[in-house]
Amino acid sequence: MDSEKIFFGDLYKITKYDVEIDKESTYEDGRFIPGLGHIKKESTLYKRHAVLLKTFDNHYIDLEQLNWLLTLRINHKIPFTPKSTLLTTIPLEENQIYVDSSSITPYLSTKTNVNLKIVRKWQKQAK
């Protein structure tokens with residue numbers, strides 16, 4: 001697993017998400033011009049210092065939740081969709097869990113390429 005893709009970050013859950021329009025939509029020269037507005041959102045801390053895996057399309061996966069989903073899949077044959085585990089830094093709806101982009105920090109400060117088989121071998125030898 002490439003350590004450059006592992007990060008710490010805080011997860012938040014959107015408790016309130018409202019779009020407020022400041023100006024009514026108007027038509028000018030036969031074109032539709034949407035009104036100006038802003039998004040009002042409130043969120044609460046869901047998990048502090050979650051270990052996250054960054055995907056190729058700049059989404060994040062909470063490794064603790066992924067481990068739980070894989071356990072369900074392997075032991076109980078319960079299917080899951082990977083989309084349900086992908087987290088973004090921009091929330092778009094109520095009850096969505098997202099990663100606070102200002103809290104993202106690298107897991108390791110040095111670039112390494114860690115092979116999980118080697119880590120497991122070291123863990124077995126340490127016991």
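A salt bridge is counted here when a side-chain nitrogen of Lys or Arg lies within 4 Å of a carboxyl oxygen of Asp or Glu. In this predicted model, the structure holds three salt bridges by that criterion, and they offer a convenient route into the fold.

One of them pairs R48 with D10, whose closest N and O atoms are 3.4 Å apart. This pair ties together distant parts of the chain, since R48 belongs to strand β4 and D10 to strand β1, with their positions 38 residues apart in the numbering. The two partners differ in their surroundings: D10 has a relative accessibility of 9% and therefore counts as buried, whereas R48, at 49%, counts as partly exposed, because the exposed class begins over 50%.

K47, also in strand β4, takes part in the salt bridge with D62, where the N to O distance is 2.6 Å. Here too distant parts of the chain are linked, D62 lying in strand β5, 15 residues apart from K47. D62 counts as buried because its relative accessibility is 6%, under the 20% limit. The side chain of K47 meets that of E64 as well, in a salt bridge of 3.5 Å from N to O, and this pair connects strand β4 with helix α1 across 17 residues. E64 is exposed, with a relative accessible area of 57%. Through shared partners, K47, D62 and E64 are joined into one network.

Helix α1, which contains E64, covers residues 63-76. Its 14 residues should span 20 Å at 1.5 Å a residue, and because its end C-alpha atoms are 19 Å apart, the model agrees with that expectation. Just after α1, K77 takes a positive phi of about 60 degrees.

Turning from charged to nonpolar side chains, the largest nonpolar core has seven residues, namely F7, L11, A50, L52, Y60, L87 and V99. Strands β1 (6-21) and β4 (37-54) are the elements that give two or more residues to this core. Leaving aside neighbours within four places in sequence, L87 is in contact with residues that include the core members L11, L52, Y60 and V99, and L87 also contacts H59, I97 and D62, the last being the buried partner of K47.

The loop between β4 and β5 holds T55, which counts as buried because its relative accessibility is 17%. The T55 side chain makes a polar contact of 2.5 Å with the side chain of D57, and, not counting residues up to four places away in sequence, T55 touches I61 and L86.

Technical notes. Residues numbered from 1 in each chain as written. Predicted model: local features only at pLDDT ≥ 70, side-chain atom pairs only at ≥ 80, totals over all residues. Heavy atoms only, no water. Core = buried A, V, L, I, M, F, W, Y, C linked by side-chain atoms within 4.5 Å. Buried < 20%, exposed > 50% of the residue type's maximum accessible area, 1.4 Å probe, protein only. Helix = DSSP H or I, 4+ residues; strand = E, 2+ residues; numbered from the N terminus. Contact = heavy atoms within 4.5 Å. Polar contact = N/O pair within 3.5 Å; in protein donor to acceptor, adjacent residues only side chain to side chain. Expected span 1.5 Å × (residues − 1).
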